[in-house]
Amino acid sequence: MTKSKKITLSASRDIPFNKLVLSQSNVRKVKAGVSIEELAEDIARRTLLSSITVRSVLDDDGAETGMFEIPAGGRRYRALELLVKQRRLNKTAPVPCIVRTDGLAEEDSLAENIQRAPLHPLDQFRAFQAMREKGKSEEEIAAAFFVSVGVVKQRLKLAAVSATLLDAYAEEEMTLDQLMAFTVNPDHERQEHVWEALKQHYNKQPYEIRRMLTEGAVRASDRRAQFVGLDNYVEAGGEVLRDLFQTDDGGWLQDAALLETMVIEKLKEEAEAIRAEGWRWIEVGTDFPYGHTYDLRRIRGEAEPMSDEEDATYTALKAEYDKLEDDYAEADELPEEVDERLGEIETAMEALQNRPIRFEPEDYAIAGAFVSIDNSGGLRVERGYVRAEDEPVVETDVDPEGDAADRVSRDDAVDGTGQAADPDEENDDDDTKPLSDRLVCDLTVHRTMALRNALANDPELARRACLHAMVLSLFYHYDQNSCVEITPKSTQFGAQADGLADMPYVQSIDLGIETWSSNLPKQPEDLWDALTEWDSDSRDALFAHCVAMTVNAVQEPHHRKPRQIAHADVLASTLGLDMVKAGWTPTADSYLGSVTKAQILAAVRDAKGDKEANRIAGFKKPDMVEAAEELLAGTGWLPQVLRTAPLAEEPDAPEFEIIDDGDVTPDELVVEDDEEAVALQAAE
């Protein structure tokens, strides 16, 4: 039996730094890892933790020169060189080295870099955790390893996941992305429950893990959470789940019941303050369906005028703002302090311009207010709405009993014998006797027809009269104040699509209603004069808005109205309506959660192709909805009912070839064929 040869390790020795030089045999040419500066700081803190591999530099005769080259460890050498330049290390300081004599220098460099096993991420997580348990702060750990405090927080969060899940990660049963998703919820029991459920689940994507761990929680960006305030919720004992590895919009509020209780209590407090203003009624809710005020008349209050002091303040702010803008009009970029001051002035001016609204005492007696939460989580108060049953009774000048007595003297009254009175026997000298109803009716028929004829020949005035009637009906609910019997109707839709009030096109039309309402006169009898004083552009804009408010293209199961819908399609094509540009997107709430799995797959296939559709085909409905929402985002896909067909091109007008032979009558005109002749005669 051959005796195995014993291994002899390369000798180690301390070599002065000034006897070391870099070798051209180092295989590392591309910079990677921590910087030389960071490595130098680490060596200064902990000294050199790994020896440098060196070889003797030989002269032409093969004799040692006393110098040593470094084929492996060049980055450590450069870090030491930096410390020497900074006079933090003597240039003759001994450096621990391994002196190699066998093999090739390139082999030394390649072997050191390839055979170095990277630290498993889990070992790093646990190392950070051990340092934290031994009293090191997150900032100290970050400084020691040249990483940000955020990275340390992330690593500690990963290390705090259930041991069962960490073992699964160590055995490569889950990915790092999946492990990061589990950090959303610190409850180890919940984490393990979700992990067991995922083992039987085909969808193990990180977003699905987050969804399962935050199920039942409320997003911090939810209007209710914003209304209550995260700090107040936490102070009341609520917990917030955070995701350190993805943007989470503030996290998730875990105690939905506590949040709802706090919302109700705060709304009640706010409502009591509004009730103290003296309104007839107050309605309170987290949200009200879109169009809840359609059937109610709105009373517009008047803004409180500025006091002399406020007016002077506003004037001074405006002057300062204008001066700063003039002074820096030519500057490419405003100085930071100037930009900040301009922002302060704008805020102060807006505060002065947003005047409190004042109502009359009689308004409070008949009107009420809605108190709810707006889209951004602020308090929304809608004041001055009058219900039909609270409308004041309009008093007339005619007394019912007196009216009955007056009828005795009319030409349709009977005399004392019960016979109809003879008009010829009436006193012709009685000029106080009112005209008979029949005669008044006959005369006003003539006047009405003459008025129609006159109005038909004055398009501009006809347009104003139509606008007047529409505004009375839509904004004042007093359509009887106009003789023009045009009754526009702004329908309150029975179906309330989720998130309707948050859509940009809905907010835009609502802003228009609010703006026009604030510019219209308070009393309906003043409307005609106001419209007369407005310029034509303003009237046209209001006219378009009123017509827009009457559009109803809703397809309802009990009222199909195919012709009305067909006209809506033509109108949309003419306008070039694009629901994608308008802001509609296919989400779980707007579409995907309300259709079948087959329809979801059809949408994905239409937008992304067969490959993506087939990938999610086996998902359960909730998972398919979430995956499809991500896939369809940004694609511009629309369901058929929301698509707008291109406007059909109009056929070219027929061309007439007319031969003019001097003075001829229309009947003598010669055309190319009979169809053109008919068209020409019709035109004549």
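The legends below describe close-up views of a predicted model.

**Figure 1. Overview of the protein chain in the predicted model.**
The protein chain has 684 residues, of which 30% count as buried. Its secondary structure consists of 28 helices and 14 strands. Among contacts with a separation of 6 or more, 69% join residues 24 or more positions apart.

**Figure 2. Lining of the largest cavity.**
One cavity of 30 Å³ or more is present in the structure. The volume of the largest cavity is about 50 Å³. Its lining is made up of E460, R463, R464, L467, S536, R539, D540 and F543. Two elements, α19 (459-476) and α22 (536-549), each give two or more residues to this lining. By residue class, the lining holds five charged, two nonpolar and one polar residue. Two of the lining residues, R463 and F543, also appear in Figure 3.

**Figure 3. Charged side chains over aromatic rings, at R463 with F543 and at K266 with F227.**
R463 lies over the face of F543, and the distance to the ring centre is 4.3 Å. Both R463 and F543 belong to the lining of the largest cavity. In the second view, the charged end of K266 sits over the ring of F227, at 4.5 Å from the ring centre.

**Figure 4. The aromatic pair of W279 and Y364.**
The whole structure contains 11 aromatic pairs. In the one formed by W279 and Y364, the ring centres are 4.5 Å apart and the planes meet at 50 degrees, a tilted arrangement. W279 is in the loop between α13 (256-275) and β9 (281-284), while Y364 is in helix α16 (residues 361-366), so the pair ties together parts that are 85 residues apart in sequence. The relative accessible area of W279 is 6%, and because the limit for buried is under 20%, W279 counts as buried.

**Figure 5. The aromatic pair of Y591 and W637.**
The rings of Y591 and W637 are also tilted, with 5.4 Å from centre to centre and 55 degrees between the planes. Y591 comes from the loop between α24 (579-582) and α25 (597-608), and W637 from the loop between α27 (621-632) and α28 (674-683), so parts that are 46 residues apart in sequence are tied together by the pair. Both Y591 and W637 are buried.

**Figure 6. Surroundings of D606.**
D606 is part of helix α25. With residues up to four places away in sequence not counted, D606 touches W637 and R643. W637 is the partner of Y591 in the tilted pair of Figure 5. D606 has a relative accessible area of 47% and is partly exposed, whereas W637 is buried. The C-alpha atoms of D606 and L632 are separated by 9.7 Å, and the two residues are 26 residues apart along the chain.

**Figure 7. An aromatic cluster.**
Four residues, W281, F288, F370 and Y385, form one aromatic cluster.

**Figure 8. Surroundings of Q178 in helix α8.**
Helix α8 (residues 176-182) contains Q178. The relative accessible area of Q178 is 10%, and this residue is buried. Apart from neighbours within four places in sequence, Q178 is in contact with K204, P206 and I209.

**Figure 9. Positive phi values at R87 and E172.**
R87 is a residue other than glycine with a positive phi, near 60 degrees. R87 belongs to the loop between α2 (74-85) and β5 (94-99). With 77% relative accessibility, R87 is exposed. E172 likewise has a positive phi near 60 degrees and is not a glycine. The loop between α7 (163-170) and α8 holds E172. The relative accessibility of E172 is 68%, which counts as exposed.

**Figure 10. S50 and P96.**
S50 is located in the loop between α1 (36-46) and β3 (52-58). At 39% relative accessibility, this residue is partly exposed. The C-alpha atoms of S50 and P96 are separated by 8.1 Å, with the two residues 46 residues apart along the chain.

Methods:
Residues are numbered from 1 along each chain as its sequence is written. This is a predicted model: local features need pLDDT of at least 70, side-chain atom pairs count only at pLDDT 80 or more; totals for chains, interfaces and linings use all residues. Side-chain values use heavy atoms; hydrogens and water are left out. On a 1 Å grid over the protein atoms alone, a cavity is a set of points where a 1.4 Å probe fits but cannot get out, and a pocket is an open set with protein on both sides within 12 Å along at least five of seven lines; lining residues have an atom within 4 Å of a point. Grid points are joined across faces, edges and corners, and a volume is the space filled by probe spheres set on the points. Helices (H or I, at least four residues) and strands (E, at least two) are DSSP runs, numbered from the N terminus. Ala, Val, Leu, Ile, Met, Phe, Trp, Tyr, Cys and Pro count as nonpolar, Asp, Glu, Lys and Arg as charged, and the others, Gly among them, as polar. Rings of Phe, Tyr and Trp (its six-membered ring) pair if their centres lie within 6.5 Å; planes under 30 degrees apart count as stacked, over 60 as edge-to-face and the rest as tilted. Buried means under 20% relative accessible area, exposed over 50%, partly exposed in between (1.4 Å probe, protein chains only). A charge sits over a ring if NZ of Lys or CZ of Arg is within 6 Å of the ring centre and within 35 degrees of the ring normal. Contact means heavy atoms within 4.5 Å.
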